[in-house]
Amino acid sequence: MLKKADIALFISLLLFAVLFIFIFDFTNINGGSVAVSLEGMRYGSYPLDKDTIIDIKSKEGIYLNSLEIKNSKARMIHASCPDGYCIKQGEISHSHDTIVCLPNKIIVEVINGSKNKVDAVSQ
Amino acid sequence: MKGNILMSKSHNIAFIGIFTALAIVAGYIERILPSLVPVPGVKLGIANIIIILCLYLRGGRMALAVNFTRIIVSGLLFSGLSGIIYALAGGALSFISMYIGKRIKIFSLIGVSVLGGVSHNMGQIFLAAIVVWNIKLLYYIPVLIISGIITGAFIGLIAWYTLGRLCQYYHLPDTKPMN
């Protein structure tokens, strides 16, 4: 009743289904966003799938940093702090990844992004 | 009886009438059945039993006529215009896949049925993703593939045994299945 081609069909369909799951998990078609906080308070949330540049300003309107979202990744492209460590931290895209600018008290964290190798950190 | 299976016009009309009615009832039964899985688009596809029977008894043209008619009438009766559009999307892809699958002669009836089930789901989810313009819907594809395989195999099994009985009991030349 069942032919060789049937078995081949089932197996290839199953493989495709599994492949699909992997593709979705790693290319972050999922979306996700970055949450920016300034001095411990919510500054804003920005989706990772929209390429933008966010200029972060303090309450008094003083320019602090610029966050760039491109290709579903976020990185700090400009900072008014003296050391610029936040820019050196590079790109983030996985859940729980962060960019921190201590002098300007800015924290950028990825929410709902692609799966991180580390899912939780005990402290 | 191989070769040309086109019968007289009145025969065709009667055939299409009977099987369209069966397919509509099958769709109705499916609507009544409680849905085991809450995922949208996961369905048994009982009407496909009828379509497969038509395909193997009288060929693609008749099966297409039955399929198209039952989608329209079923939609008018039960699910409304948007239901018809989604059913057409799924039914079109499903019919094309089953027809091609049967024509190239490497699949058994079960394989053809699985092709029909999976492609029906794919057609519907693609249309939904376009209509809603949301790519996150495509997340459902793996689930729909797996459920398509399982339900397709199950429906195919039923169609297979039904076809066997039909040919066994009615030893008339015009009920021998085309291969």
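Let's start with helix H1 of chain B, residues 9-32: at 1.5 Å a residue, its 24 residues should span 34 Å, and its end C-alpha atoms are 35 Å apart, so the two values agree. Keep in mind that this is a predicted model. Helix H3 of chain B is another story: its end C-alpha atoms are only 9 Å apart, short of the 64 Å that a straight helix would reach. Over in chain A, the thing to look for is an open sheet of 4 strands.

**Chain B: one helix that fits, one that folds back on the numbers**

- Plenty of H1(B) is tucked away: B:Asn12, B:Phe15, B:Phe19, B:Thr20, B:Ala23, B:Ile24, B:Ala26, B:Gly27 and B:Glu30 are buried.
- What covers them? Helix H2 (47-58) and H3 of chain B are included in the cover over the buried residues of H1(B).
- H3(B) takes in residues 60-103, which makes 44 residues.
- Where does H3(B) kink? Look at B:Ser79, the centre of a kink of about 140°.
- After H3(B) comes B:Lys105, which has a positive phi, near 60°.

**Chain B: a loop residue to find**

- B:Leu137 sits in the loop between helix H4 (109-132) and helix H5 (141-169) of chain B.
- Count 11 residues along the chain between B:Leu137 and B:Phe126, and you'll find their C-alpha atoms separated by 8.5 Å.
- Which residues does B:Leu137 touch, once you leave aside its neighbours within four places in sequence? It is in contact with B:Ile125, B:Ala128, B:Ala129 and B:Val132.

**Chain A: the overall picture**

- Chain A has 2 helices and 7 strands, and along the sequence they follow the pattern α-β-β-β-β-β-α-β-β.
- Of the 123 residues in chain A, 39% are buried.
- Take the contacts in chain A between residues at least 6 apart in sequence: 29% of these join residues at least 24 apart.
- The accessible surface of chain A is about 7,700 Å², and carbon and sulfur atoms account for 60% of that.

**Chain A: the sheet**

- In what order do the strands of the open sheet run? The order is E2-E1-E7-E6, with antiparallel pairing.
- Strands E2 (41-47) and E6 (98-101) of chain A are at the edges with a single partner strand each, so one side of each has no neighbour in the sheet.
- On average, neighbouring strands of this sheet are turned by 15° against each other, direction ignored.
- At the E6 edge, E6(A) pairs with strand E7 (residues 106-111) of chain A in the antiparallel sense over 4 bridges, and A:Cys101 stands opposite A:Ile106 in E7(A).

**Chain A: strand E1**

- Strand E1 (residues 33-38) of chain A has 6 of its 6 residues buried, so the rest of the structure largely encloses it.
- A:Ser33, A:Ala35 and A:Ser37 point one way from E1(A), while A:Val34, A:Val36 and A:Leu38 point the other way, and all are buried.
- E1(A) pairs with E2(A) in the antiparallel sense over 6 bridges, where A:Leu38 has A:Met41 in E2(A) as its bridge partner.
- The hairpin of E1(A) and E2(A) has 2 residues between the strands, and A:Glu39 takes a positive phi near 50° there.
- E1(A) also pairs with E7(A), in the antiparallel sense over 6 bridges, and the bridge partner of A:Val34 in E7(A) is A:Val110.

Terms used: Residues are numbered from 1 along each chain as its sequence is written. Chains are lettered from A and ligands numbered from 1 in the order in which they are written. This is a predicted model: local features need pLDDT of at least 70, side-chain atom pairs count only at pLDDT 80 or more; totals for chains, interfaces and linings use all residues. Side-chain values use heavy atoms; hydrogens and water are left out. The expected span of a helix is 1.5 Å times one less than its number of residues. The bend at a residue is the angle between axes fitted to the seven residues ending there and the seven starting there. Two strands pair if DSSP finds at least two bridges between them. Axes are lines fitted to C-alpha atoms, for helices over the stretch in contact, and angles run from 0 to 180 degrees between N-to-C directions. Buried means under 20% relative accessible area, exposed over 50%, partly exposed in between (1.4 Å probe, protein chains only). Contact means heavy atoms within 4.5 Å. Accessible areas come from the Shrake-Rupley method with a 1.4 Å probe; for residues, only the protein chains shown count as cover.
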